[in-house]
Amino acid sequence: MVSNVICVFKFYRLVMMAFIAVLVSGCANGPLSSVPHNQAPAIDYEMVGIPLLYQGFGSSVPITKDLSLTAAHVAKLNWASVVAYHPNCDIAIIKSDNSAKTLPDLGLVYTNEPVTTYGMDGFGKLLKGEGFYRRDLLFSGNTYFDKCNASVSDAPIRPGMSGGGFFNQRGELVGIISAIASSNTRLADGEKLPYDRLSLFVSLNFVKDWLNRTVDQYYESDQPVLTWNPTVETPVGAILANNRTEVLSSNIELK
């Protein structure tokens, strides 16, 4: 009897969260454009909830012929088989048939470097936003970002793009889209951030060891499976994504 009640509760929670995702699916924090799939990196649509009844959606990015990355909060509600969740960050590895897709190299992002966001909308269209990576922050009291740095960009995103990718100007995957922070966000000292929007992503630089280890274990490989760009040198004065953090409080909406 107890197990049945728990199952009903989980089912109801899944339905309600998916329904909310549909209601807010039109809200973006900046201008986005629709692009053909053949003119962009491979991004997949992730169904959340109950098809044709109450459903939401997210995105994912292929990284090997069998595995993709998505946001942890998407992986917890969709129907994909989860290989691993990061213990602190809003990122997860899921199974996916990517044998016919072009896989991106993985790379790093530097302060004020141009970035591009790619993710799906509710109708399966691929959306693109452009901006810059700005800095990294810790959001006190937030489930995903009080122990994991949130990388901040002013590139626009919208609901459904969660789990999609941030790409640097070399076309390398550098992060996974997670959330939008309030435009009224202030640092602990009261400073207001001077950016048009606060789109949050999980930088792959923060989870590189976990990602390499988990993928290598999945394939039982003694050699590195993932391809990271080995040729990029840090420009003079550039700051890697994990070198600056501030503690603050803010309203964050997972997308």
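Colleague: Which residue in S9 stands opposite Asp-136?

Modeller: That's Ser-151. Before we go on, this is a predicted model, where local features need pLDDT of at least 70 and side-chain atom pairs count only at pLDDT 80 or more, while totals for chains, interfaces and linings use all residues. Residues are numbered from 1 along each chain as its sequence is written, and side-chain values use heavy atoms, with hydrogens and water left out.

Colleague: Okay. What makes S8 and S9 a pair?

Modeller: The rule asks for at least two bridges found by DSSP between two strands. S8 and S9 (residues 150-153) have four, in the antiparallel sense, so they pass. By the way, a strand is a DSSP run of E with at least two residues, a helix is a run of H or I with at least four, and both are numbered from the N terminus.

Colleague: Which other strands pair with S8?

Modeller: S7 (residues 114-120) is antiparallel to S8 over seven bridges, with Thr-116 standing opposite Glu-130. S1 (residues 33-35) is also antiparallel to S8, joined by three bridges, and there Ser-33 faces Lys-128. S7 and S8 form a hairpin with five residues between them, and Gly-124 in that turn has a positive phi of about 85 degrees.

Colleague: Why is S8 called largely enclosed?

Modeller: Just look at the count: 11 of the 14 residues of S8 (residues 126-139) are buried, so the rest of the structure largely encloses this strand. Buried means a relative accessible area under 20%, exposed means over 50%, and partly exposed is in between (1.4 Å probe, protein chains only).

Colleague: Which way do the residues of S10 point?

Modeller: In S10 (residues 165-168), Gly-165 and Phe-167 point one way, Phe-166 and Asn-168 point the other way, and all are buried. S10 has antiparallel partners too: four bridges join S7 to S10 and three join S10 to S11. Phe-166 sits opposite Thr-117 of S7, and its bridge partner in S11 is Gly-175. S10 and S11 make a hairpin with four residues between the strands, where Gly-171 takes a positive phi near 85 degrees.

Colleague: Why is Ser-60 called buried?

Modeller: Ser-60 has a relative accessible area of 0%, so the 20% limit is easily met. Ser-60 lies in strand S3 (residues 54-62).

Colleague: And what makes its link to Glu-46 a polar contact?

Modeller: The test is a pair of N or O atoms within 3.5 Å; within protein, one must be able to donate a hydrogen and the other to accept it, and residues adjacent in sequence count only if both atoms are side-chain atoms. The side chains of Ser-60 and Glu-46 come to 2.7 Å, so the distance fits. Plain contact just needs heavy atoms within 4.5 Å. Leaving aside neighbours within four places in sequence, the contacts of Ser-60 include Ala-42, Asp-44, Thr-70 and Gly-163.

Colleague: Why is a group of residues called a nonpolar core?

Modeller: It has to be a set of buried Ala, Val, Leu, Ile, Met, Phe, Trp, Tyr and Cys residues joined through side-chain atoms within 4.5 Å. The largest one here has 44 residues, and Ile-63, Leu-69 and Leu-204 are among those with the most contacts inside it. Its largest share, four residues, comes from strand S11 (residues 173-181). There's also a second, separate core of 12 residues, including Val-109 and Ile-180. In soluble globular proteins, nonpolar side chains tend to be buried together.

Colleague: Why is the link of Cys-89 and Cys-148 called a disulfide?

Modeller: Two cysteine sulfur atoms must be within 2.5 Å. Those of Cys-89 and Cys-148 are 2.0 Å apart, so the pair qualifies. Searching the whole structure finds one disulfide. The link is right-handed, with 100 degrees about the S-S bond. It joins distant parts of the chain, 59 residues apart: Cys-89 is in the loop between S5 (82-85) and S6 (92-95), Cys-148 in the loop between S8 and S9.

Colleague: Are those two cysteines buried or exposed?

Modeller: Cys-89 is buried at 4% relative accessible area, and Cys-148 is buried at 2%.
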